[in-house]
Amino acid sequence: MANLAASLDTLWRVQQLDAALRDNKQAMDRARADTTRAGAAQTKAATSATEAETALHRLRTEHKELEQELARLDSRIRKLEAEAAQASQAAVQKHRAEVDELEGKGLELLDRISAAEKAVTAARGAAAEAGKARESAGKTAAAKIADLEAEAGRLRGQREALVVGLAPELLAVYESAQTRYPGAALARVADGFCGVCSGELTRQLVSQLKARAELLRCPHCLRLLDMP
Ligand SMILES: [Zn+2]
């Protein structure tokens, strides 16, 4: 294979593009993950706001029921007082004690309602912030992804132009190694060792590699070896 050396030189350039494409894909994955994270944060903030609203609603209902119970007791007390019967005094005392207790509970509930209202306001604010953050993260990521896609298109175009000159069998071997090691299928020989996995190479293999007349793999990591 007289032109193997030239093909190997081309493959090194293909590998540069493959490494750039690999980095491009990772950057795109990161941009997509940013969008997903911002979306999840917004959903969580919206759920918290709904929970705070539900808690407030529960307290308001409880307070309303308490007010109804107070009104019922008040009217009962008025009725008993109107009867003015001696026997009613004990019942009036009892109801008044109940009223005092309920009024105490009512004050406590009003405190809790006020705290719950503050929590709702804070949770709504946080949800609105998360919504804005999501929108901004989405825009940033979309712009980044568009740039990366344009870059990937350019890189793929350059790659296609390079690989047309390669023998299909050689390209197939490279592609299978590149699937295993994206952007890092080729390894240089360094002082008798594989430049990537540092596995030791036999003298015979090194002298075969020097000739650049056949395609050879590292016996340790199976990358394609070359001594350009
Ligand atoms: Zn190796």
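Two strands are taken as paired if DSSP finds at least two bridges between them. In this predicted model, strands β1 and β2 meet that condition: they pair in the antiparallel sense over two bridges. They form a hairpin with two residues between the strands. Within this hairpin, aspartate 191 takes a positive phi near 50°. Most residues other than glycine have a negative phi. Aspartate 191 is not a glycine, yet its phi is positive. The residue is found in the loop between β1 and β2. Aspartate 191 is exposed, because 8 other C-beta atoms lie within 10 Å and the limit for an exposed residue is 12 or fewer. Beside the loop, alanine 190 stands opposite phenylalanine 193 in β2.

The hairpin belongs to a wider sheet. This sheet is open and has four strands, in the order β2-β1-β4-β3. Its pairing is mixed. The edges are held by β2 (193-194) and β3 (216-217). Each edge strand has a single partner, so one side of each is left without a neighbour in the sheet. Strand β1 (residues 186-190) runs parallel to β4, and three bridges join the two. In this pairing, leucine 186 has leucine 224 of β4 as its bridge partner. On the other side of the order, β3 pairs with strand β4 (residues 224-226) in the antiparallel sense. Two bridges make up that pairing. Leucine 216 is matched there with leucine 225 in β4.

The β3-β4 connection also contains a residue with a positive phi. Leucine 222 is found in the loop between these two strands. Its phi is about 70°, although leucine 222 is not a glycine. Leucine 222 counts as partly exposed, because it has 16 C-beta neighbours inside 10 Å, a count between the exposed limit of 12 and the buried limit of 20.

The protein as a whole has four helices and four strands. Read along the sequence, the pattern is α-α-α-β-β-α-β-β. A helix therefore stands between the second and third strands in this pattern, as helices and strands are numbered from the N terminus. That helix is α4, which spans residues 203-211. Helix α4 is hardly covered: of its nine residues, the count of buried ones is zero. Glutamine 204 lies in this helix. With 8 C-beta neighbours inside 10 Å, glutamine 204 counts as exposed. The C-alpha atoms of glutamine 204 and leucine 107 are separated by 93 Å. These two residues are 97 apart along the chain. Arginine 212 follows α4 and has a positive phi, near 55°.

The helical pair at the start of the chain was examined next. Two packed helices are described by the angle between their axes and the distance between the axes. Helix α1 covers residues 4-83, and helix α2 covers residues 88-163. Their axes come within 5 Å and cross at roughly 165°. Helices α1 and α2 are therefore roughly antiparallel to each other, as an angle over 145 degrees is counted that way. The crossing is left-handed. The residues of the α1-α2 contact divide into 44 nonpolar, 13 polar and 20 charged.

Threonine 50 lies in helix α1. Threonine 50 is partly exposed, with 14 other C-beta atoms within 10 Å. Alanine 27 is 23 residues from threonine 50 in sequence. In space, the two are 35 Å apart, C-alpha to C-alpha.

The overall dimensions were considered last. Taken along the principal axes, the C-alpha atoms fill a box of roughly 125 × 35 × 25 Å. The radius of gyration of the protein is 39 Å. A compact globule of 228 residues would have a value near 17 Å. Of the 228 residues, 14% count as buried.

Conventions:
Residues are numbered from 1 along each chain as its sequence is written. This is a predicted model: local features need pLDDT of at least 70, side-chain atom pairs count only at pLDDT 80 or more; totals for chains, interfaces and linings use all residues. Axes are lines fitted to C-alpha atoms, for helices over the stretch in contact, and angles run from 0 to 180 degrees between N-to-C directions. Angles under 35 degrees count as roughly parallel, over 145 as roughly antiparallel, 65 to 115 as roughly perpendicular and the rest as oblique. A crossing is left-handed if the near helix is turned anticlockwise from the far one by less than a right angle, and right-handed if clockwise. Ala, Val, Leu, Ile, Met, Phe, Trp, Tyr, Cys and Pro count as nonpolar, Asp, Glu, Lys and Arg as charged, and the others, Gly among them, as polar. The radius of gyration is taken over C-alpha atoms; the globule rule is 2.2 Å times the number of residues to the power 0.38.
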